[in-house]
Amino acid sequence: MTRYESVELIRSGPVGELRLSRPDLQNRFDGVLLGELGGALEELSADTAVRAVVLSSTGKHFSAGGDTEAMLSANADLQVLLAQVDEGRRLFRTFADFPKPLVAAVHGHVFGVATSLALTADAVVSTAGVRISDPHVHLGLVAGDGGCVTWPASLPLIRAKRQLLWGEPLLAEDAHQLGMVTELAESADAVRPLALELAERVAALPPVAVQLTKRALNKVLAARIDEVFDTAFYLEAISASTADLREAVAAFKEKRAGVWSGR
């Protein structure tokens with residue numbers, strides 16, 4: 001079994017759990033997490049004893065999303081940017097083509113790329129008050145690392161456009177009404193147990209039928225990926241090289257409004 005720095009793998013009978021495990025860093029997607037997460041999910045995919053997986057997290061937030069220092073590194077160096085794009089493309093496709101039922105346990109606020117990955121799940125459990133968001137545009141970025149795939153796949157297109165273009169969050173209770181969140185737990189502490197219960201229920205069903213149904217459903221998402229994903233990711237790469245990105249990161253750190261040049 002591989003040892004990981006940023007995630008933890010837990011196996012309980014036929015249910016595997018993939019936990020983001022750096023609450024001190026708000027489980028942000030830096031080079032370490034980007035490098036480990038896909039491999040950890042593939043390890044669970046290859047484990048024939050695992051029939052369902054829960055994606056969970058630790059700490060107050062589920063994940064703060066992208067790491068601003070990684071953004072600045074990519075902004076300054078084209079080769080770093082291209083490497084991040086390729087790594088991000090592989091990671092999203094690993095989640096989108098995962099062959100076993102995946103339940104996302106979103107107990108706290110979730111941002112950006114973490115939202116995109118959580119929305120590839122087959123069930124999403126959250127609780128009232130949790131903010132589900134993709135604020136890429138607030139950082140001068142195209143919502144290209146999966147947002148343009150998963151939000152329109154989870155919501156009516158007009159609502160997905162409303163959230164992505166303004167970069168504003170949906171509360172989990174509103175997302176539940178719209179169908180993006182499938183189960184609403186009574187509290188943050190109840191999110192993970194409910195997600196594990198869902199995983200146990202689907203893991204108890206005939207595995208060939210479940211997993212082949214999952215593979216068929218993956219093709220529905222794959223069609224959306226073929227339509228827009230690479231285009232959106234490379235457009236994000238263009239936006240990642242701008243002066244507006246640098247200004248957005250500075251404004252975020254200084255807690256002020258950004259001043260945009262459009263360059």
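Visitor: How far apart are the end C-alpha atoms of helix α1 (residues 31–46)?

Guide: The model is predicted, so local features need pLDDT of at least 70 and side-chain atom pairs count only at pLDDT 80 or more, whereas totals for chains, interfaces and linings use all residues. Residues are numbered from 1 along each chain as its sequence is written, and side-chain values use heavy atoms, with hydrogens and water left out. Helices (H or I, at least four residues) and strands (E, at least two) are DSSP runs numbered from the N terminus, and the expected span of a helix is 1.5 Å times one less than its number of residues. For the 16 residues of α1 this gives 22 Å, which agrees with the distance between the end C-alpha atoms, 24 Å.

Visitor: Which elements do the buried residues of α1 pack against?

Guide: Buried means under 20% relative accessible area, exposed over 50%, and partly exposed in between (1.4 Å probe, protein chains only). In α1 the buried residues are Leu33, Leu34, Glu36, Leu37, Gly38, Ala40, Leu41, Glu43 and Leu44. With contact taken as heavy atoms within 4.5 Å, these residues pack against β1 (7–12), β2 (15–20), β3 (52–57), α3 (78–96) and α4 (112–118).

Visitor: At the start of α1, which residue's backbone nitrogen does a side-chain oxygen of Asp30 reach?

Guide: A polar contact is a pair of N or O atoms within 3.5 Å; within protein, one must be able to donate a hydrogen and the other to accept it, and residues adjacent in sequence count only if both atoms are side-chain atoms. At the start of α1, the side-chain oxygen of Asp30 comes to within 3.2 Å of the backbone nitrogen of Val32.

Visitor: How many aromatic pairs does a search of the whole structure find, and which residues form one aromatic cluster?

Guide: Rings of Phe, Tyr and Trp (its six-membered ring) pair if their centres lie within 6.5 Å; planes under 30 degrees apart count as stacked, over 60 as edge-to-face and the rest as tilted. The search finds two pairs. The rings of Phe92 and Phe229 have centres 4.8 Å apart and planes at 25°, so they are stacked, while Phe229 and Phe233 are edge-to-face at 5.5 Å and 75°. One cluster is thus formed by Phe92, Phe229 and Phe233.

Visitor: How many residues apart in sequence are the parts tied together by Phe92 and Phe229?

Guide: Both rings are buried, Phe92 with a relative accessible area of 1% and Phe229 at 0%. Phe92 lies in α3 and Phe229 in α9 (residues 207–240), so the parts tied together are separated in sequence by 137 residues.

Visitor: Which residue has Arg162 over its face?

Guide: A charge sits over a ring if NZ of Lys or CZ of Arg is within 6 Å of the ring centre and within 35 degrees of the ring normal. Arg162, at 4.9 Å from the ring centre, lies over the face of Trp166.

Visitor: Is Glu17, the salt-bridge partner of Arg192, buried or exposed?

Guide: A salt bridge is a side-chain nitrogen of Lys or Arg within 4 Å of a carboxyl oxygen of Asp or Glu, and the count comes to 16. One of them joins Glu17 and Arg192 at 2.6 Å, N to O. Glu17 lies in strand β2 and Arg192 in helix α8 (residues 188–203), so the pair ties together parts 175 residues apart in sequence. Arg192 is partly exposed at 30% relative accessibility, whereas Glu17, at 2%, counts as buried.
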